[in-house]
Amino acid sequence: MQTTHGTAIRRLALGIALAGASAGTHASMGNIGTSYGIFPEDLATAQALSMFNSQVSANYYNPAALVKDERGELTQAIMHAEQELRAERPGIENDVLSDEPSQSVLVGMKTNIGSLLQSGHPIHLGFIAGVEEYGKEMLAFSSEASETGQFMRYGREPLFLSVGAGTRIWRGISIGGASRITLDSTAELNTTSNFAGETENTELKVGAEPAIRSILGLTLNWGDTFCPEGCFLSGLETGMTYRNSSASSTTVNSNVVVPGPFPPSDPLNLAVSTIDSYQPEIYAFGTQYAGDGWRFGFTVEQRKWSALEEELEKDTVKDQQDLSGNASTYAEFDDTVVPRIGGEVDLFGHFSVLFGAAYEESPLQSEQTPKLNYFDNDRIIGGLGLSATYERTRFFTYPIRFDIGYQYQQLQERDFTVQRAGNTETVTTDGDIHVVSGSITFKF
């Protein structure tokens, strides 16, 4: 009885501590930068050309590319992701497990801060911020076990923050560094409670501090480096980037006094530590070749998902242990390689069409993860977009750029075994995700 009641109070403590952050939301093991793309250009090319984009989204994908346009930039974007994630199981007619949309507002800005230095050497500073539910929800956070099953990488996306800078170090060679910023939240709960969950004399202290993870980038323009006057290498670029792993975390320490079994002199001490929106360590290599009015390229990413196994072992919500403390199952993750290909072609001078495709293999190798009941599928991704430049501006120095991007993700069918109320059943999972994004960009 004591263990059962302790489990109930642990859930109560975690629920109270997280209530102020985001009640009833569902986040994911990912973020908009890796799941979809930050701006329409990234969605449309399936992130294949993101390492070489001149927009401020390069701050996240390859900060060295911030130098591609000497002008400052202010971009505002809005994104809507509509998802239908299905799990077909015997005896159930409605197989839609999740159809909650993700809706984000993003803003990005970059500027040259080289004038701060006496040398005047150009240094381009970039900043990106994204907020869920069209700006109303800053901290989408959810961590839970599930009897019915849950998709590992889809849901509401948490606060997205990235700050970085890039500069040229020699002709055609640029480097950059940035940070992905997440929050590590802490809570301390002191309360008196009964087994019905009724509390009194409650004291709750909540705090948060930023967790900074590094992003490094390098770009080589072969033509500018080896033949500034022009040769067959002109237009050929190569980029390499590294993005460190990151996650949002919450830690709850609580002292709960339960009259009767736990006197005030011996309170029930509970500690809960859990993560959400995990992003693996990513190494990326890409090349693009650009000509007069067109460019094509590809990117290959290696994602170190295997490190998530250790993170889940430290997670007191997702640790998958029985009441005796023994591990009841083991979630196995493999590192994955993600190939991407895309292009852009100019039309009629002021318009350009963007397109791209990618294939993402699921890192989840376990077909059964009792208590967690995680689902994850291989994904085929396709994107299409349109970019337009409006030059007849009356009040602005430079033309205004409008972008719209669409991305479709198809989750391939995969069978999982779900443990529910002591019984097991086989479910077939798949899904469709439609993402639309639009943006407006001002240069200065």
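**Exercise 1. Decide whether Tyr 278 is buried or exposed, and describe its ring pairing with Trp 305.**

Step 1. Tyr 278 has a relative accessible area of 4%, so this residue is buried (buried is under 20%, exposed over 50%, partly exposed in between, with a 1.4 Å probe and protein chains only). Bear in mind that this is a predicted model, where local features need pLDDT of at least 70, side-chain atom pairs count only at pLDDT 80 or more, and totals for chains, interfaces and linings use all residues. Residues are numbered from 1 along each chain as its sequence is written, and side-chain values use heavy atoms, without hydrogens and water.

Step 2. Now for the rings: the whole structure holds eleven aromatic pairs (ring centres of Phe, Tyr and Trp, the last by its six-membered ring, within 6.5 Å; planes under 30 degrees apart are stacked, over 60 edge-to-face, the rest tilted). Tyr 278 and Trp 305 make a tilted pair, with 6.0 Å from centre to centre and 50 degrees between the planes.

Step 3. Tyr 278 belongs to strand E11 and Trp 305 to the loop between E13 and H6, so their pair ties together parts 27 residues apart in sequence (helices, H or I with at least four residues, and strands, E with at least two, are DSSP runs numbered from the N terminus). Trp 305 is buried too, at 2%.

**Exercise 2. Classify the pair of Trp 294 and Phe 296, and find the cluster that holds these rings.**

Step 1. The ring centres of Trp 294 and Phe 296 are 5.8 Å apart and the planes meet at 40 degrees, so the pair is tilted.

Step 2. Check accessibility: Trp 294 is partly exposed at 34%, and Phe 296 is partly exposed at 38%.

Step 3. Ring pairs join Trp 294 and Phe 296 with Tyr 289 and Phe 355 in a cluster.

**Exercise 3. Place Asn 373 in the fold and list what it touches.**

Step 1. Asn 373 sits in the loop between E15 and strand E16 (374-375).

Step 2. With 1% relative accessibility, Asn 373 is buried.

Step 3. Beyond neighbours within four places in sequence, Asn 373 is in contact (heavy atoms within 4.5 Å) with Ser 146, Glu 147, Gly 149, Gln 150, Thr 417, Val 418 and Gln 419.

**Exercise 4. Find the residues that Ile 38 touches.**

Step 1. Leave out residues up to four places away in sequence.

Step 2. What remains for Ile 38 is Ile 32, Gly 33, Leu 43, Ser 57, Tyr 60, Tyr 61, Met 79, Leu 106, Ile 128 and Phe 160.
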